[in-house]
2 protein chains.
Amino acid sequence: MTESPQGTAVATPGPAAPRGRRGRRAVDVPDLVARARDGEARAVARLISLVEDASPVLREVAAALAPHTGGAQVLGLTGSPGVGKSTTTTALVRALRRAGRRVGVLAVDPSSPFSGGALLGDRVRMQDHAGDPGVYIRSMASRGHLGGLAWATPQALRVLDAAGCDVVLVETVGVGQSELEIASLADTTLVLVAPGMGDGIQAAKAGILEVADVLVVNKADRDGADRTVRDLRYAQSLGGRHTGPGAWQPPICRTVAAREEGIARVLEHVQAHRRWLADSGEGARRRAERAAREIEAIALAGLRARIGDVRGSAALAALADQVVAGETDPYRAADRLLAQL
Amino acid sequence: MTESPQGTAVATPGPAAPRGRRGRRAVDVPDLVARARDGEARAVARLISLVEDASPVLREVAAALAPHTGGAQVLGLTGSPGVGKSTTTTALVRALRRAGRRVGVLAVDPSSPFSGGALLGDRVRMQDHAGDPGVYIRSMASRGHLGGLAWATPQALRVLDAAGCDVVLVETVGVGQSELEIASLADTTLVLVAPGMGDGIQAAKAGILEVADVLVVNKADRDGADRTVRDLRYAQSLGGRHTGPGAWQPPICRTVAAREEGIARVLEHVQAHRRWLADSGEGARRRAERAAREIEAIALAGLRARIGDVRGSAALAALADQVVAGETDPYRAADRLLAQL
């Protein structure tokens, strides 16, 4: 449950040093970035690893990437387990590749902080694209309790962006919070549902309608697909976000991703949404909001790291014991904790 | 997307003042707590509202509750949308009431920060218990992007605990992060799955196995229930948490909550887990860990509030624009943001 040391306290060794301390080979960040921009997959992978592992050169990587970012179109893809996100991602990648576009995929794996590991499913399905130099695929473990997507994913996205991806797909399991995060990360958010995964009210309960720019009813060959579409339409009619003149009305598409049916139509809606983002000014607003969130998240993580130094200490344990015993309340305990920073 | 002003900066007006500023009626916290402890439902509801709305008397409420907490057994109940959480909660409440126990229910509603509202489903089903003085039911909106459950729920839980509930059920939609939160909140976490909601690998992908103390396959009269149980067993056999002598092996129960089938067995497992918590020392460890997390969350929220003051300001907007333009990177921007605190 510990978090990696990250944020403002991270030291940046000089790029000229031939070897880092502790005998690790020093990282030549400018060279790595140059090679990633030339399309070298290994350099891209290495940069993402540096980001994901909160390497000491994290800040140097971020600074080196900055001038080369902003070109990629970011598509978020989310939905409950079992709706077919990985299959849909695979189908979208195929279609985008046929159109000659360079594609990055970040599969944000929600496997637990306890086990840390990703399961086989995604990786196996993704093998389809192994060896295609126009596709970068990366499965990311979501780190720890707080932060989740907020942390490494935006930086990994910057790596793929700087590496010249035209489109980056960010796939995440999620209802609730991670969805909100993906919506704040993506230019366009696709929300997948499947027949039998819950009716429209369930979908609305999970908060998915508000974040969806395009709704995809996958496995549309199954019983109940019509019902699901109807429920989503009804729930949409109750919702408030997409009202007013010029507002975007999230379309509802049907797909059978395993057979690549309906995928072209989804991409048409994505492009229509992209035009709307540009014309309405909403695209620029989202990108500025995304950057603001990222700055905030990094600032918060820096502060959290300072609390983390206290965490596990005898002081916090003693405060926790007092709260359990009813001798103090958590607010007063928090005051005392902050006083120690 | 703004968060309520909370945390260390909240002012506490003197309890003697007959009227608060802005003409609101002053809250007599000690009287409210006394009435809540006498079982007055309206006092309980009012206290939870004070907590949920981050009232200026929040800290006073927390201090007044502290000496009366620690008695309630906290059951977390989680699972994807559509697995039947509300129905299961209702069935559990009925069974616990038949056993003469006082029950609190916190239905943490994940409806979006955009709409803020809870949908009808839960509330309707919960009407069953309306008028039973031994049951407090509260649907809570999850607030904002960061925090989620972390914020108001532990405090609401303290209210129900101090009000003399023997058992508090905390129901939340969730895969991923909110599950981790519920696990850190509850003494015993029930994870619900349903046939057709995804196989064992999907369940494991969503990280549900690691947080489950008791696994419940609901809608067990449906096709595929055997398969689901088998998949869960297999996924369990791969997992690492529950190993070693004396470790808790999460049982897998089948229920048809809508017909109250299997509910008694679930409660037997819950009681067995409770004994294990006591005997192993894990219960005390969890409670201390929970208190530590709560203290941390409050401390972090206090720090976040200070960042929030900067947020929306011209300074953060300018930093975000620079990041979008590639003129700086988010780490350097975060440094500058923190320098302004």
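1. Before anything else, a term: two strands count as paired if DSSP finds at least two bridges between them. Strands themselves are DSSP runs (E, at least two residues), numbered from the N terminus. Keep in mind that this is a predicted model, where local features need pLDDT of at least 70, side-chain atom pairs count only at pLDDT 80 or more, and totals for chains, interfaces and linings use all residues. Residues are numbered from 1 along each chain as its sequence is written, and chains are lettered from A in the order in which they are written.

2. Start with β5(A), residues 188-193. This strand runs parallel to β1(A), residues 73-79, and 4 bridges join the two. Within that pairing, L77(A) has L190(A) as its bridge partner, while T78(A) is matched with V191(A).

3. What does β5(A) pair with over 4 bridges in the parallel sense? That would be β6(A), residues 214-217. Here L190(A) turns up again, with V214(A) as its bridge partner in β6(A).

4. Now for burial, meaning under 20% relative accessible area (1.4 Å probe, protein chains only). In β5(A), 6 of 6 residues are buried. T188(A), L190(A) and L192(A) lie on one side, T189(A), V191(A) and V193(A) on the other, so to speak, and both faces are covered.

5. β1(A) is largely enclosed by the rest of the structure, because 7 of its 7 residues are buried. Q73(A), L75(A), L77(A) and G79(A) point one way, and V74(A), G76(A) and T78(A) the other.

Notes
Side-chain values use heavy atoms; hydrogens and water are left out. Buried means under 20% relative accessible area, exposed over 50%, partly exposed in between (1.4 Å probe, protein chains only).
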